[in-house]
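The following exercises invite the reader to work through one protein model step by step. Each task is followed by its solution.

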Amino acid sequence: MRVKVACVGGGPAGLYLSILLKLQDPAHEITVHERDPEGSTYGWGVTYWRELLDKLHAHDPESARAVAESSVRWNEGVAHVRDLATRQPGDTGHGIGRHRLLEILAARARSLGVHLRYEDGITPDAVPDADLVVAADGVHSALRTAHADHFGARLTPGRNRYLWLGTSHVFDSFTFAFVETGHGWIWCYGYGFSPERSTCVIECAPETWTGLGLDRADEAEGLATLEKLFAHVLDGRPLVGRSSGGGAAQWLTFRTLTNRTWHHGNLVLLGDAAHTTHYSIGAGTTLALEDAMALADAVRTHPELPQALAAYERVRKAALLPAQSAARHSAQWYENLARYIDLPPERMFALLGQRHSPLLPHVPPQLYYRLDRAAGQLESLRRLKRWLGPRLARTPLG
């Protein structure tokens, strides 16, 4: 079916959806409405893995090649704990600047005839006339909020504080650094996203945040404190609190968003407007792009829009379950860092890599480590882990 589409929000999900719909049928009339100026975006770099790149190539080889060419890669992880460092090989990861990703997708969308309207905020009382209206306007989606009772959005706050920063130090691998202070532990996740820049996310418990005075410090004072704490992994390079088009970096508490349903009439939720997963699993952009793939496929394969939107919601909700479980357990691993931080470094790093496991919170860490090593050699133990994991994933943690 040929459709007129109004996509509210010019992030990766909205732009990629517009590309896929135009590729399916050039007769689709598609307009992307973005409230901010072109080239203005928050955030630094985003991560993704080979599986996403394969899917991008399958859906649109041209934009996939541009994304791959603009990405940096790593195949190791390193964890710094106190004065010790442990390095381990891993799957190949990719980083790309959020600004560059949007630039690639916007150029591809334009080349296909998508109308991109920047500085064009859409309010719930002035929704464009279209067959399909896509709310890709983020976690605070105004279009979703206007129908709050129908969508049944639920925001669940985490405990820890975090800050999204950049640096001119280029990490050669995905880097974790845990620093002990007089007020508790503080840690960072660092990864490159260009030959000149890296993302550096700082996280700590609320009592550490207030104990270090980070709740009261202005931006310059806060960055100076963090640069001193993480000088050993930053190689003395500065931290930067402002990304392109953004204001001062803000300490936040991550909020996990879920929705009871994802569509209402001809309005459908996409990306962060529909769901969020904790940043520690690095899947937000991947899941948003996969939403776009699924919605485009549903529009292509179902002759009527209501059936297409129902199919999209059904497919994506099922696909998200493993990622949502992994994100929940990953966030809780960091919130319970004291349970793991004093293990021998190689064991602590091994369990850091297992933090997505629903089994780990229920087993003493040393025992889990030994079981995990044994499971690598015994099929019976691997089957036991696979059987227990999903059952424990449904068990609320204290």
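**Exercise 1. Alanine 326**

Task: Determine whether alanine 326 is buried or exposed, and place it in its surroundings.

Solution. The structure is a predicted model. Step one is the accessibility: alanine 326 has a relative accessible area of 14%. Buried means under 20%, and alanine 326 is therefore buried. Step two is the secondary structure, where alanine 326 belongs to helix α11. Step three is the contacts: when neighbours within four places in sequence are left aside, alanine 326 is in contact with Ile281 and His356. Step four is a distance. Alanine 326 and tryptophan 251 are 75 residues apart along the chain, and their C-alpha atoms are separated by 23 Å.

**Exercise 2. Domains and the second largest pocket**

Task: State how the protein chain is divided into domains, and explain why the second largest pocket lies between two of them.

Solution. Begin with the division of the chain. Domain 1 covers 4-73 + 94-157 + 255-334, domain 2 covers 158-252, and domain 3 covers 364-397. The centres of domain 1 and domain 3, taken over C-alpha atoms, are separated by 34 Å.

Next, describe the pocket. The second largest pocket holds about 670 Å³ of space. Its lining has 25 residues, and those closest to the centre are Thr156, Thr256, Gln324, Arg328 and Gln332. By character, the lining divides into eight nonpolar, twelve polar and five charged residues.

Then ask which elements contribute. At least two lining residues come from each of β8 (154-167), β13 (252-258) and α11 (305-335). The largest share, eight residues, is supplied by α11. Finally, compare the lining with the domains: because domain 1 and domain 2 both give residues to it, the second largest pocket lies between them.

**Exercise 3. The two sides of helix α8**

Task: Show why the buried residues of α8 line one face of the helix, and name elements that cover them.

Solution. First, list the buried residues of α8, which spans residues 219-229: they are Gly222, Leu223 and Leu226. Second, look down the helix axis. The buried residues fall within an arc of 95 degrees, so they line one face of α8. Third, turn to the other side of the helix, where Ala220 and Lys228 are exposed. Fourth, consider the cover over the buried residues, which includes β8, β10 (184-192), β11 (198-204) and β12 (239-240).

**Exercise 4. Phenylalanine 254 and threonine 208**

Task: For phenylalanine 254 and threonine 208, find the secondary structure element and the contacts made beyond four places in sequence.

Solution. Phenylalanine 254 is part of strand β13. With 14% relative accessibility, phenylalanine 254 counts as buried. Its contacts beyond four places in sequence are Thr156, Pro157, Gly158, Asn160, Tyr162, Thr276, Thr277, His278 and Tyr279. A distance completes this part: phenylalanine 254 and arginine 159 are 95 residues apart along the chain, while their C-alpha atoms are separated by 7.9 Å.

Threonine 208 sits in helix α7 (residues 206-211). Its relative accessibility is 1%, so threonine 208 counts as buried. Beyond four places in sequence, threonine 208 is in contact with Thr181, His183, Gly184, Trp185 and Ile186.

**Exercise 5. Positive phi in two loops**

Task: Give the phi angle of glutamate 119 and of aspartate 235, and state where each residue lies.

Solution. Glutamate 119 has a positive phi of about 50 degrees, although it is not a glycine. Glutamate 119 is located in the loop between β6 (115-118) and β7 (132-135). Exposed means over 50% relative accessible area, and glutamate 119, at 61%, is therefore exposed.

For aspartate 235, phi is near 55 degrees, again a positive value in a residue other than glycine. Aspartate 235 occupies the loop between α9 (231-234) and β12. Its relative accessibility is 59%, so aspartate 235 counts as exposed.

**Exercise 6. Glutamine 88**

Task: Describe the accessibility of glutamine 88 and name the residues it touches.

Solution. Locate glutamine 88 in strand β5 (residues 84-97). Its relative accessible area is 28%, and glutamine 88 is therefore partly exposed. Not counting residues up to four places away in sequence, glutamine 88 touches Glu76, Gly77, Glu346, Phe349 and Ala350. Lastly, glutamine 88 and serine 173 are 85 residues apart in sequence, and the distance from C-alpha to C-alpha is 9.8 Å.

Notes
Residues are numbered from 1 along each chain as its sequence is written. This is a predicted model: local features need pLDDT of at least 70, side-chain atom pairs count only at pLDDT 80 or more; totals for chains, interfaces and linings use all residues. Side-chain values use heavy atoms; hydrogens and water are left out. On a 1 Å grid over the protein atoms alone, a cavity is a set of points where a 1.4 Å probe fits but cannot get out, and a pocket is an open set with protein on both sides within 12 Å along at least five of seven lines; lining residues have an atom within 4 Å of a point. Grid points are joined across faces, edges and corners, and a volume is the space filled by probe spheres set on the points. Helices (H or I, at least four residues) and strands (E, at least two) are DSSP runs, numbered from the N terminus. Ala, Val, Leu, Ile, Met, Phe, Trp, Tyr, Cys and Pro count as nonpolar, Asp, Glu, Lys and Arg as charged, and the others, Gly among them, as polar. Domain bounds come from an automatic or database domain assignment. Buried means under 20% relative accessible area, exposed over 50%, partly exposed in between (1.4 Å probe, protein chains only). The arc is that of the directions from the helix axis to the C-beta atoms. Contact means heavy atoms within 4.5 Å.
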